[in-house]
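Trainee: I'm new to this one and would like a close look at a single part of it. Could you walk me through chain A?

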Amino acid sequence: MFRISLIKIIFPFSLLACCSAWAQDGRKRILDSSGNPIAHAVIQVDGLKPFQVSLTGELEAELPSGKSVIVFAMGFDSHRFTWQEWGRLEEIILKEKTGALQEVVVAATRTDRTVEDLPLPVTVLTSEQVQETGGLRLSEVLREQTGLQISSDHGAGLQMQGLDSDYILILLDGEPLIGRTAGTFDLDRIAVSNIERIEILRGPSSAIYGSEAMAGVVNIITKANKETKKVDLGLRHRSFNTWNPYAELGFNSEKWRVSGMYDYLRSEGFDLTPETVGQTQNPFAAQTAQLKVTRAFSPKWELSLFSRGYLETSSGQMQSGVSETLLGMENFRRDFNLNPTLRFKPSEKWLFTLRGMSSQFSTESDTRFMADGTSFDFQEFRQFYHRTEQQTDFQLDSKNLFTLGVGHLLETVEATRYDEVNRFDAGYFFVQHQWDPSPKINIVTGLRGDLHSQFGGRLSPKVAGQFKFSDKFSWQASLGAGFKAPDFRQMLLNFNNAASGYYVFGANLAEEGIARLQQEGLVARVLIEPETLGNLQAESSWALNTGFRWNPSAKALLVVNAYRNQIENLIETAPIAQLVTGQNAFSYFNVRSVITQGVEADLSMTLSNTLRVSVGYAFLDTRDTQVLDRIDAGELFKRNAQNITSRVTRSDYGGLFNRSRHSGNVKINYSEPITGIDWSLRGIYRGKFGFADLNGNLILDDPSEYASGWLSVNLTATKTFSNGLFFEAGATNLLNTLTPAQPNNPGRVLFLGTRIPFANLIN
Amino acid sequence: MKTTVYSVLFFLLSFTLLSCGNDDTPEPVIPLEATLIQDLAAPNDVIDRTTGQVTQARPFIFFSLETQSIVTEAQDWDIAFKGTTIRVNSAKNVTAALANGIFEELKEVPASAQFATDTPTTFAIPTGSGAGWYNYNSATFTVTPIPGRILLFKTSKGNYVKMEIMSYYKGNPPVAQINPMTTPSAHYTFRYILQPNGSQKF
């Protein structure tokens, strides 16, 4: 009797409990920031089985009760609620995880524009994508992208659309980075710990940026601190005794925004040829420090100051050729940037920006005999660059945006191989019109004029247009001119290789250099009339880029771009006089013309709410037109191992060295729901490429002159806890494929890292 | 009387036979064989790397294409080697020209060939990479003969020679096996054909 009563008492309570649970579950809806339902959102209570929402974004199933609820959806930032918070909400809005097309790009037009509205081939890498490569330096991040290669020639240089690092402009927060060695900008100098986003713009962009933006532009945008207080400390460890502690600091108040970063990297380097003296990569230590301060004086005025410093030391050993004496080398590299920017926005329609940029780059190389410490060689290089620019943006109406910029730059160089301190001045202006005549069409036209103290004037036009056939399909095409000014070496070098007896003169010094050698009685015969020397033109190009963006379904995106670059006046050395010793004196001339063309395609698919796959492929064809002319005229021969000579045919010719005809990648991203670990597995394929001429004719024309293609399998696992604590682990080149022809590949590299947001933990 | 008649008949017969022989049987043409010279050592001067001064001078190695042997400067030499430089004997009016083509297929001296001899300021075979007989590959630091480059000479005796240089390194190794640091250089291996009848055909 008593028992039956107990059951009667317990039963209503349980009903009540059920009812309260039911009441908490209402009809909740998961929406994005525009109020649209997220059909693929998933809701999970604690570690239990997740529930999918309906097409209208509504949760129709009954959730089991628990302590916390997490809502996640591919392409959005996931959100975690306590059970109580969950009960109170009816609509849950998830912030879009900066999807492929909604990303805002600044570098393409120097104004904010989303990728899908740009009639230009742009790729944006988010900080998650940067993180999943496990890279510590920019070179390691970019090598996984479709159509980009990293070559190792005087540093880790980028190759885009078949063009070398000399022709790609690298920007940091919109300002150019200087300091190139033999034309290569070493991407190993850029730490990635505080990168927010990387914009990769392909195609000549000299219409805005002038010289060096012939193949395209890479803009690295650093994190702008959004939190009131931020103290993040991180540490990464990698193979070859590589340690990378870093710190990110931030402070925000109503008027001030401050963010700072410090990154220290040290490594023992690696050696692909242990039997020879000297390592392939020498041990080094590098420090990067960055400070960005922004002060809003009023809603209309904002002043920001960006400063960055980079210090690197490395040491190594080498053997001096025939005599085999041991030499020790100490190398230093220093980089300082100071960029103030003043923005004035008096009304909705007008924006004025005044930018200053000052940079100093210096290197020092001290080589000594190890036996007694006497100096063997000492090289010094110091470059200073200062630029002031004023940009005006005028939004006439919703369809027209005009931009006008004007600037002046000053550059000085002093070095061991150059006489005195050399100074260049240049002035420039650029105009741009962004026109959206209808929702389906947008057109961007631009023109830049440069006037340089050393090589004269240059006009670079560009026009680009996009037509949106539908919401899912848009086609774009752009035609532009690019140029690259002759650099210091090509204009001012004064170099004599005493051992071999040859001389190299920059174009500006050639006439004087030959006269001096003639006075010393060293000239046997002058090959080129001295009066014609010194007229070095800029290298120039015309390029056509065209392609489309297509969403075959809501979960797939295909982006294709085809291009052709026609480059003229490429500068190379050629002899100007024969010396009595039998050696030559050289100078620089505009001699070559090159064509690069190809197609790049990227397909990304969201297969499920936890699985994302992307496939990329790039086809590249390069050729030197003068080599082709000589082949057609029957003037080029090749010799095989049996010393039989034959004529080179067009089908033998493989184009430029160090370019792969085919390359591609497959990337798989899986968010494991139970452990919360994000997995990223990537296969990066580089097709076979020519590495050296072996049959004596200095061109790529024989199967033996190719290095085989190779696949790098990379795996990264990351986990971010709700308090912000972050862990990562992974490996690159899991298969440990070695590539002697590509010496920047050390084999398998394992890494481990963590980031602790102290400010969050303390709160 | 009979002996005399028989002798005359005999002589008459032998004359006709001999003349018949001369008209009917063509002279045999012997194809010219290439002479292969291997590992002719002609090291360059030793130069101090930092000062550019010659610390040890070396002599030119003189070669006669006619006798196929190394000779002294006083003897009848045609060409001389030192390092990558090739001289011709201007005193004996030896001239040289460059031609492009396949060695076996070059059957006569091309009409466009411009023969010149060395002057006090110039070399008939120009020096410098790409200008004369070799290319210097700055990526691999090796000196390789330009494929398809044929050197033509007119010797001191007025005979024409076509020459192809096979290798600049000792042992004529395949290019892929040349180690610029260790493989001994300035060892010429070359082949040439000399036309002894003075014509321009090979």
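Trainee: To start with, which domains does the domain assignment of chain A give?

Mentor: Sure, and keep in mind that this is a predicted model. The domain assignment of chain A gives domain 1, covering 23-94, and domain 2, covering 104-217. Their centres, taken over C-alpha atoms, are 38 Å apart.

Now step back to the chain. Chain A has 44 strands, along with nine helices. Lined up along the principal axes, its C-alpha atoms fill a box of roughly 125 × 65 × 50 Å. What about the radius of gyration? Chain A has 30 Å, and that agrees with a compact globule, because one with 763 residues would have a value near 27 Å. Of those 763 residues, 38% are buried. As for how the chain folds back on itself, take the contacts with a separation of 6 or more: 58% of them in chain A are between residues 24 or more positions apart.

Then there's the partner. 26 residues of chain A are in contact with 27 residues of chain B. On the side of chain A that touches chain B, β31 (523-526), β33 (556-579), β36 (637-639) and β37 (645-647) of chain A each supply at least two residues. β36(A) gives the most, with three residues. Sort that side of chain A by class and you get 12 polar, nine nonpolar and five charged residues.

Methods:
Residues are numbered from 1 along each chain as its sequence is written. Chains are lettered from A and ligands numbered from 1 in the order in which they are written. This is a predicted model: local features need pLDDT of at least 70, side-chain atom pairs count only at pLDDT 80 or more; totals for chains, interfaces and linings use all residues. Two residues are in contact if their C-beta atoms, placed from the backbone, lie within 7 Å. Helices (H or I, at least four residues) and strands (E, at least two) are DSSP runs, numbered from the N terminus. Ala, Val, Leu, Ile, Met, Phe, Trp, Tyr, Cys and Pro count as nonpolar, Asp, Glu, Lys and Arg as charged, and the others, Gly among them, as polar. The radius of gyration is taken over C-alpha atoms; the globule rule is 2.2 Å times the number of residues to the power 0.38. A residue is buried if 20 or more other C-beta atoms lie within 10 Å of its own, exposed if 12 or fewer, and partly exposed in between; C-beta atoms are placed from the backbone. Domain bounds come from an automatic or database domain assignment.
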